[in-house]
Amino acid sequence: MASAQMSVQDALWLTMDRSNNLMVIDGVMVLAGVPDFEDVRATFEDAVVRFPVLARRPVQHGSKRFWEDVDDFSIDDHLSHVTLGPAADLAALEDFAAMRRSVSIDKERPLWTGFLFEPVAMADGSVGSAIITRFHHAIADGVRLTQVLIGMCEP
């Protein structure tokens, strides 16, 4: 089982997490089309290979914290497909994301979750979708996570 020592800053974000003040970075990317869920799944699997922390959980040994590989890691434990009947509007997408903001992330598992939310009725009448992500701040800061997500959109 591989592990890596957690930086002091990341450990600080982890210990600052409280039920009334979650250290979770929520993101929503609205997409003009609707990707195939298997393509989204493969993209997240590639991200896990590029960023091993996405398959690790936080552990503490003595006074030090580490990122430890999860032996039974499955992308399916972290990524869900939310399919609605008729296309939801952007307000329904916002409601879906807002409902999750108060849900803590299980610290026994890797500290992230994602959703493909579709279909979404766009303002111009077209049908799109959204990728909604939640990452614990201990994984990275918001700027870096934005860079990671945008990088996942590149061909």
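This is a short dialogue on reading a helix, a pocket and two single residues in a predicted model.

Visitor: Let's start with helix H2. What should its 14 residues span, and how far apart are its end C-alpha atoms?

Guide: Helix H2 covers residues 37-50, and at 1.5 Å a residue it should span 20 Å. Its end C-alpha atoms are 20 Å apart, so the two values agree.

Visitor: And what goes on at the start of H2?

Guide: Look at aspartate 36 there: one of its side-chain oxygens comes to within 3.0 Å of the backbone nitrogen of glutamate 38.

Visitor: Now the faces of the helix. Which residues of H2 are buried?

Guide: The general idea comes before the list. An α-helix has 3.6 residues a turn, so residues three or four places apart point the same way. In H2, the buried ones are Phe37, Val40, Arg41, Phe44, Ala47 and Val48. They take up an arc of only 115 degrees around the axis, so they sit on the same side of H2.

Visitor: What covers those buried residues?

Guide: The cover includes three strands, S5 (79-88), S6 (112-121) and S7 (127-136), along with helix H4 (142-153).

Visitor: On to empty space. What is the volume of the largest pocket, and which residues line it?

Guide: Rolling a probe the size of a water molecule over the atoms shows where empty space is left. Here the largest pocket has a volume of about 200 Å³. Its lining consists of Met29, Leu31, Pro35, Asp39, Val40, Thr43, Phe44, Ile131, Leu149, Met152 and Cys153. Strand S2 (24-31), H2 and H4 are the elements that give two or more residues to this lining.

Visitor: Which element gives the most to that lining?

Guide: H2 again, with four residues.

Visitor: Let's try single residues. Is serine 129 buried or exposed?

Guide: Serine 129 belongs to strand S7. Its relative accessibility is 0%, and under 20% means buried, so serine 129 counts as buried.

Visitor: What does the side chain of serine 129 have as a polar partner?

Guide: The backbone oxygen of glycine 33, which lies 2.7 Å from a polar atom of that side chain. Beyond its neighbours within four places in sequence, serine 129 also contacts residues including Met29, Leu31, Pro35, Phe117 and Val120.

Visitor: And how does leucine 12 count?

Guide: Leucine 12 is in helix H1 (residues 8-16). With a relative accessibility of 45%, leucine 12 counts as partly exposed. In sequence, leucine 12 and leucine 111 are 99 residues apart, while their C-alpha atoms are 15 Å apart in space.

Conventions: Residues are numbered from 1 along each chain as its sequence is written. This is a predicted model: local features need pLDDT of at least 70, side-chain atom pairs count only at pLDDT 80 or more; totals for chains, interfaces and linings use all residues. Side-chain values use heavy atoms; hydrogens and water are left out. The expected span of a helix is 1.5 Å times one less than its number of residues. Buried means under 20% relative accessible area, exposed over 50%, partly exposed in between (1.4 Å probe, protein chains only). The arc is that of the directions from the helix axis to the C-beta atoms. Contact means heavy atoms within 4.5 Å. A polar contact is a pair of N or O atoms within 3.5 Å; within protein, one must be able to donate a hydrogen and the other to accept it, and residues adjacent in sequence count only if both atoms are side-chain atoms. On a 1 Å grid over the protein atoms alone, a cavity is a set of points where a 1.4 Å probe fits but cannot get out, and a pocket is an open set with protein on both sides within 12 Å along at least five of seven lines; lining residues have an atom within 4 Å of a point. Grid points are joined across faces, edges and corners, and a volume is the space filled by probe spheres set on the points.
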